[in-house]
Amino acid sequence: MSQIFAINAFKDNYIWVLPNPESGSAFVVDPGDAEPVRAGLAAAGLELGGILVTHHHWDHTNGIKELLADAQVPVVAPVDDRIEGVTHPVRDGDEVRLDGLPVRFQVLEIPGHTSSHIAFVGGGMLFCGDTLFAGGCGRMFEGTPAQMHASLQRLAALPEETLVYCGHEYTEANLRFALQVEPDNAQLQARLAQVAEQRARGEITLPSTIGVERATNPFLRVDQQSVIESAERHAGRRLTSATDVFAAVRAWKDSV
Ligand code: FE
Ligand code: ZN
């Protein structure tokens, strides 16, 4: 599945495309806007074969209705009335087969950013929407720190070589914040330098891997002494659980 590519939408959204070269059709993940999907698929000589949705936010779903007017395709999405056009509502543990593609995805419910957010994992790939970002994580619009932390822990437990395809290009800003939390993390310093160069060239910084995230993403490192000490210093109090540390780092990021 090395032919996966991203279509840019809005300011910093990525709509991931999973092509099936044999049939010339493709699944797209989180089509927030129909027009760039039409153009991106046409440029690659592909037709829309189906839609995967990670969560209900407009920037991930607003293109669905228009795309369905072009072609009746399956729409695999979480169980949530706020998403229109869903043909295959899925729950935790469900298996998703994409017509014509060799990959099978497993559905993970990962609440926190939204209450019904899901991820698709399989074939060494993770599509995680706005829950885990490269170098960061999504804001908690509909969840508690405990939920978001548990969801991120689930993703962090995937094999380290798993490729991370998230929904936005936030990597550089995330890593600049991460370096405030862990100024002495050498791998993080190196990653930020590399990502800054990529962005200066206008390149995408994704996919990441679970291994890289475990080593450099502060939200997956709330059990590390360096992160705990930094979070306690910033919060001005002792933090007695991993969830507390997570909540403090998330609040810190929200305040910068
Ligand atoms: Fe988003
Ligand atoms: Zn979102």
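**Aromatic cluster, nonpolar cores and a two-metal site**

In this predicted model, Tyr14, Trp16, Phe105, Phe120, Phe127 and Tyr165 are joined into a cluster by ring pairs. Searching the whole structure turns up ten aromatic pairs. One of them brings Trp16 and Tyr165 together, with ring centres 4.8 Å apart and planes at 80°, so this pair is edge-to-face. Trp16 belongs to strand β2 (residues 13-20) and Tyr165 to strand β13, so the contact ties together parts that sit 149 residues apart in sequence. Both partners are tucked away: Trp16 counts as buried at 3% relative accessibility, and Tyr165 counts as buried at 6%.

Another pair looks rather different in geometry. The rings of Phe177 and Phe219 have centres 6.4 Å apart and planes at 20°, so here the pair is stacked. Phe177 comes from helix α5, while Phe219 comes from the loop between α7 (210-216) and α8 (225-235), so parts 42 residues apart in sequence are tied together. Relative accessibility is 2% for Phe177, which counts as buried, and 1% for Phe219, which is buried too.

Next, the nonpolar cores. In soluble globular proteins, nonpolar side chains tend to be buried together. Here the largest nonpolar core has 53 residues, and Phe105, Leu126 and Phe127 have the most contacts inside it. Helix α9 (residues 242-255) gives the most to this core, supplying five residues. A second core, separate from it, has 20 residues, among them Ala9, Val37, Val75 and Ile83. Two of the contact-rich residues, Phe105 and Phe127, also turn up in the aromatic cluster. As for Leu126, its contacts, leaving aside residues up to four places away in sequence, include Ala119, Phe120, Val121, Leu132, Leu155 and Leu158. Leu126 also touches Thr162, Leu163, Val164, Tyr165 and Ile210.

The model also holds a pair of metal ions. The iron ion (ligand 1) is coordinated by Asp59 (OD), His60 (NE2), Asp130 (OD) and His168 (NE2), at 2.1 to 2.3 Å. Along the sequence, these donor residues are spaced D-H-x69-D-x37-H. The angles among the four donor atoms run from 87 to 168°, and the iron site is irregular. Two of its donors, Asp130 and His168, link distant parts of the chain: Asp130 is in the loop between β10 (125-129) and β11 (132-133), and His168 is in the loop between β13 (163-166) and α5 (171-181), 38 residues apart. Asp130 counts as buried at 4% relative accessibility, and His168 is likewise buried, with a relative accessible area of 4%.

For the zinc ion (ligand 2), the protein donors are His55 (NE2), His57 (ND1), His113 (NE2) and Asp130 (OD), lying 2.2 to 2.3 Å away. Their spacing along the chain reads H-x1-H-x55-H-x16-D. The four donor atoms subtend angles of 86 to 169°, which makes this arrangement irregular as well. Asp130 bridges the zinc ion (ligand 2) and the iron ion (ligand 1), which lie 3.3 Å apart. His55 sits in the loop between β4 (47-52) and α2 (58-61) and Asp130 in the loop between β10 and β11, so this pair of donors ties together parts that are 75 residues apart in sequence. Both His55 and Asp130 are buried.

Definitions and conventions
Residues numbered from 1 in each chain as written. Chains lettered and ligands numbered in written order. Predicted model: local features only at pLDDT ≥ 70, side-chain atom pairs only at ≥ 80, totals over all residues. Heavy atoms only, no water. Donors = N, O, S within 2.8 Å, 3.2 Å for Na, K, Ca; no water. Tetrahedral: all angles 85-135°; square planar, octahedral: opposite > 155°, others 65-115°. Helix = DSSP H or I, 4+ residues; strand = E, 2+ residues; numbered from the N terminus. Buried < 20%, exposed > 50% of the residue type's maximum accessible area, 1.4 Å probe, protein only. Core = buried A, V, L, I, M, F, W, Y, C linked by side-chain atoms within 4.5 Å. Contact = heavy atoms within 4.5 Å. Phe/Tyr/Trp six-rings, centres within 6.5 Å; stacked < 30°, edge-to-face > 60°.
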